[in-house]
Amino acid sequence: MKILYYNPHPNLSLFSPSGPGTHMREVIEALERKGHTVIKFIAGDDEGLNRPNTNIERTGFKALFKWLTPDWIWQSLKDWDLKRCDKRYARKLERLIESERPDVIYERAYYLMASGVITAKKFGIPLIMEMNAPYTEEKIYLEGKSFFIQQSHAIEKLQVQSADKIYVVSSALLGYFQKRYPDVVEKIVVIPNAINPFKSYSNSALLAAIRSQYRIRSSEFVIGFVGSIFKYHGVDRLLEAYAKLTSDLPETQFRLMIVGDGMVLPELKKQASELGISAKVIFFGNVPHKDVYSYIEMMDIAVMAGSNWYGSPVKVFEYGAMSKAIVAPDNVPLRDVMNQGSEGILVGEGASDVYDALRKLVSDNELRKNLAEAFHRKVVATYTWDKVASDIISNAEMLIQKKTIHTSKKEGYN
């Protein structure tokens with residue numbers, strides 16, 4: 001089978017060190033391991049397209065222009081650029097389809113991007129669409145409103161109604177689409193994120209080097225967080241809980257590892273200083289994804305204090321793959337995959353909730369071991385990228401059977 005993997009996000013590369021980049025790589029590799037040909041169109045990797053880069057540091061005239069421009073206008077300009085990209089992507093997508101003749105398109109959907117559904121319909125090719133967020137709401141929350149918000153709702157409706165099968169990462173996201181588009185619920189499937197068990201191991205040489213460089217002794221009790229850092233990840237609550245823990249248990253030698261980067265990192269470093277715990281907190285910044293498991297290996301407790309209401313955090317599965325006791329948010333996506341009390345501790349939104357969970361786990365070696373082993377067994381048996389790929393292939397085969405040769409020739413390859 002020929003699968004065209006399409007990601008229209010202009011700033012997301014297949015080689016991004018973590019998060020979505022990892023997800024894309026793993027799905028593609030799993031499909032290829034099963035003997036299928038994957039044609040890749042990853043907009044963030046396409047050097048031939050003059051795509052917008054909204055993450056670069058703004059200096060000089062551009063910085064002044066942004067400072068003088070109302071935020072909704074700035075966001076509108078960015079969205080207008082995004083729409084221009086979408087038109088270019090549609091033309092390239094058409095050329096790829098004409099030259100490669102894929103059997104199915106697998107698209108990782110993105111805000112305001114309609115090229116995938118329009119092109120798939122034009123050529124009569126089955127479309128499986130992965131929708132990992134309520135994109136318009138996410139855009140408003142993370143960046144602000146723009147002139148194109150109403151249009152983005154219309155495009156979301158087009159995406160949902162036009163796709164032949166839709167994957168979402170949580171039942172919370174399923175509920176969101178079910179409420180907005182009740183007539184298409186039967187084609188939406190919940191597929192949480194996953195891990196590759198063959199890559200879930202640490203590098204002993206790197207492990208020793210990290211311990212030596214940062215003077216992390218084996219006698220120290222290590223608590224940690226790994227991943228991209230957004231405000232909703234609750235790392236500030238983790239710092240507050242950790243400060244209280246070290247104060248209440250002075251006889252225990254603790255270290256806190258924060259592995260990852262984000263716009264809030266300077267605020268977190270300042271908070272650690274104000275709490276008087278800077279000497280016992282290590283901010284590693286970004287690390288290559290292949291090295292992530294070595295950092296997790298050093299942790300006695302792996303924490304993700306908060307999350308958004310709809311996402312399926314890859315980091316939790318990585319924690320599980322490494323057999324770590326986990327503290328995670330008590331929300332729908334986590335309850336989809338983890339049983340409270342027997343596979344991890346799910347906590348509320350307060351720093352005191354995180355503290356209570358940490359205090360409980362620090363004082364109970366047997367509990368840490370049992371939780372870690374139970375969730376590890378579930379992760380390696382249930383949540384793997386190979387299983388995700390098998391589901392994609394199964395659905396693709398069914399969709400292809402529904403398309404007649406006559407329709408394919410008429411709409412795509414005549």
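**A tour from the strand E7 pairing outward**

Begin by selecting phenylalanine 221 and phenylalanine 254, the latter in E8, which stand opposite each other in this predicted model. Now widen the selection to strand E7 (residues 221-226) and strand E8 (residues 254-259), which run parallel and are joined by 6 bridges.

From there, bring in the rest of the sheet, which is open, has 6 strands with parallel pairing, and follows the order E9-E8-E7-E10-E11-E12. Strand E9 (281-285) and strand E12 (345-347) are the edge strands, each pairing on one side only. If you look along the sheet, neighbouring strands are turned by 20° against each other on average, with direction ignored. Next, add helix H12 (residues 314-321), which packs on this sheet and touches E7, strand E10 (301-303) and strand E11 (325-329); the direction of helix H12 makes about 145° with that of E7.

Move then to strand E1 (residues 2-7), which is mostly covered, with 5 of its 6 residues buried. Strand E1 pairs in the parallel sense with strand E2 (residues 37-42) over 6 bridges, and here lysine 2 has threonine 37 in E2 as its bridge partner. Strand E1 is also joined to strand E3 (residues 104-108), running parallel, by 4 bridges, where isoleucine 3 has valine 104 in E3 as its bridge partner.

Finally, turn to the surface and select Trp72, Ile73, Leu77 and Phe147, which form a nonpolar patch with about 420 Å² of accessible area together. Within this group, leucine 77 belongs to helix H3 (residues 71-100), and leucine 77 is partly exposed, with a relative accessible area of 38%.

Notes. Residues are numbered from 1 along each chain as its sequence is written. This is a predicted model: local features need pLDDT of at least 70, side-chain atom pairs count only at pLDDT 80 or more; totals for chains, interfaces and linings use all residues. Side-chain values use heavy atoms; hydrogens and water are left out. Patches are made of residues with over 30% relative accessible area and no salt bridge: like charges are joined within 9 Å, nonpolar side chains (Val, Leu, Ile, Met, Phe, Trp, Tyr) within 5 Å. Accessible areas come from the Shrake-Rupley method with a 1.4 Å probe; for residues, only the protein chains shown count as cover. A salt bridge is a side-chain nitrogen of Lys or Arg within 4 Å of a carboxyl oxygen of Asp or Glu. Helices (H or I, at least four residues) and strands (E, at least two) are DSSP runs, numbered from the N terminus. Buried means under 20% relative accessible area, exposed over 50%, partly exposed in between (1.4 Å probe, protein chains only). Two strands pair if DSSP finds at least two bridges between them. Axes are lines fitted to C-alpha atoms, for helices over the stretch in contact, and angles run from 0 to 180 degrees between N-to-C directions. Contact means heavy atoms within 4.5 Å.
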